[in-house]
Amino acid sequence: MAPDVCPPRSEPTLSFTQGLIFGQLSVIFILAAFIKFFIFGDPPLPDVTATLRASERRSRTLAHKQSLLRLRSPNQRQGQPLRRKKSNVLRNPPALTIGSILSKTYYNVDSHQPESLDWFNVLIAQTIAQFRSDAQHDDAILSSLTKALNGTSRPDFVDDICVTELSLGEDFPIFSNCRIIPVDEDGLSLGNGIKFDAATAARDGTRLQARMDVDLSDMLTLAVETKLLLNYPKRLSAVLPVALAVSVVRFSGTLSISFIPSNPSQSTPTMMTFSFLDDYRLDFSIRSLLGSRSRLQDVPKIAQLVEARLHRWFDERAVEPRFQEIALPSLWPRKKNTRGPDDSVADGGLPIGRSKGKDVTRDLRDESTWRKEFSPEDDRQDYSSLRHRRPNKDEDAFVMSGSLPNL
């Protein structure tokens, strides 16, 4: 028998030293590529980024519209029958339709010119100015913002967040080009080729929607400082200080507002819905600082990540097809909601001014204090220096002519 022969072993093509050198060079090459393209890479132009985001939002909106059109059925637009009122005292008003509203307000959705909304801009500016003034009082917004940032949703690898700068801006948004357009039951416009018919609007589920352009050029800034914690393999293995400042520089878009009537059978109040169209423009200015001794300032990739996250947060909340709902209170006038300069302060309910009411309240408080300190039975007190002198029991009370006796 032939003896067992071991097969020849294949010799490695690279020695240990050559493999070590090749591995080190590979790691160095990967680190250099990461630093060059990830940290110090040039960010894309703002116009190019805005165009790409607008095209993505537009494609998402078109896909949503197509899905709604596929899900609709011919019998879906049938109107629900009106319920008969239970009360015979109130007169049954005629059916309120979009056509009657437009005819009584003399508004033609096809030929009416857009409005400038100058008066509305003044009211909004006053509201925002008051909001900024209230935010400065006792640092209310700073305390609330710090509490919200350090809430339960903060991850474990992030230390306490400290707000270092907060600016609410100095300018105001400008609303313009307001127009009323009809939309279907899903909030989609009827399109250029579809003619609006006021007679069949209620049956088709068409409702009115106000659209206006919004433009804001300001500097709204929020700057925070925190630390990134590395808790592996043990707690606080490494700490990286991070400072971040985000500023809203420009916002322009189209705001759409509509009302959803209340449903007494389901006890739902009147809702106001608002959202922004997908053709908006939102520009940020983001500054960053990493490290404690050797610091990296304004890393482009960090700015891109933060900006993408902010755009995603805004798209998921207030950009069509998503919208925000606000429940409106009852618009019927009520006594408890009435405020004015004439408030009843005295016991007799006489109307007095606000400044005068404070004086009368002070006088009533002083008189009540005097009555507690000085008793009518004490005849030794001198009441001549007081404003209201009370007669003694043994003195004859002064009786006016024409008054009833014993009164």
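Seven aromatic pairs are present in this structure, which is a predicted model. Ring pairs join Phe251, Phe276, Tyr280 and Phe314 into a cluster. The points below describe two of the ring pairs, then a charge over a ring, the cysteines and the confidence of the prediction.

**The pair of phenylalanine 276 and phenylalanine 314**

- A pair of aromatic rings is described by two values, the distance of the centres and the angle of the planes.
- The ring centres of phenylalanine 276 and phenylalanine 314 are 5.6 Å apart, and their planes meet at 45°.
- This pair counts as tilted because 45° is neither under 30 degrees, as stacking requires, nor over 60, as edge-to-face requires.
- Phenylalanine 276 belongs to strand S5 (residues 271-276) and phenylalanine 314 to helix H7 (residues 300-318), so that the pair links distant parts of the chain, 38 residues apart.
- Both phenylalanine 276 and phenylalanine 314 are buried.

**The pair of tyrosine 280 and phenylalanine 314**

- The rings of tyrosine 280 and phenylalanine 314 have centres 5.2 Å apart and planes at 70°.
- This pair is edge-to-face because its angle of 70° is over 60 degrees.
- Tyrosine 280 lies in the loop between S5 and strand S6 (281-290), whereas phenylalanine 314 lies in helix H7.
- This pair also links distant parts of the chain, with the two positions 34 residues apart in numbering.
- Tyrosine 280 has a relative accessible area of 3% and phenylalanine 314 one of 15%; both count as buried because these values are under 20%.

**A charge over a ring**

- The charged end of arginine 57 sits over the ring of tyrosine 280, at 3.9 Å from the ring centre.
- Tyrosine 280 is also a member of the ring cluster described above.

**Cysteines**

- A search of the whole structure finds zero disulfides.
- Cysteine 162 has a relative accessible area of 43% and is therefore partly exposed, since this value lies between 20% and 50%.
- Cysteine 178 has a relative accessible area of 12% and is therefore buried, since this value is under 20%.

**Confidence of the prediction**

- The average pLDDT of the protein is 75, and 68% of the residues score at least 70.
- Over residues 77-85 the pLDDT is below 50, and this stretch has eleven contacts in the model beyond near neighbours in sequence.
- Over residues 344-357 the pLDDT is also below 50, and this stretch has 16 contacts in the model beyond near neighbours in sequence.
- Where pLDDT is low, the predicted coordinates should not be read in detail.

Notes:
Residues are numbered from 1 along each chain as its sequence is written. This is a predicted model: local features need pLDDT of at least 70, side-chain atom pairs count only at pLDDT 80 or more; totals for chains, interfaces and linings use all residues. Side-chain values use heavy atoms; hydrogens and water are left out. A disulfide is a pair of cysteine sulfur atoms within 2.5 Å. Buried means under 20% relative accessible area, exposed over 50%, partly exposed in between (1.4 Å probe, protein chains only). Rings of Phe, Tyr and Trp (its six-membered ring) pair if their centres lie within 6.5 Å; planes under 30 degrees apart count as stacked, over 60 as edge-to-face and the rest as tilted. Helices (H or I, at least four residues) and strands (E, at least two) are DSSP runs, numbered from the N terminus. A charge sits over a ring if NZ of Lys or CZ of Arg is within 6 Å of the ring centre and within 35 degrees of the ring normal. pLDDT is the predictor's confidence in each residue, from 0 to 100. Contact means heavy atoms within 4.5 Å.
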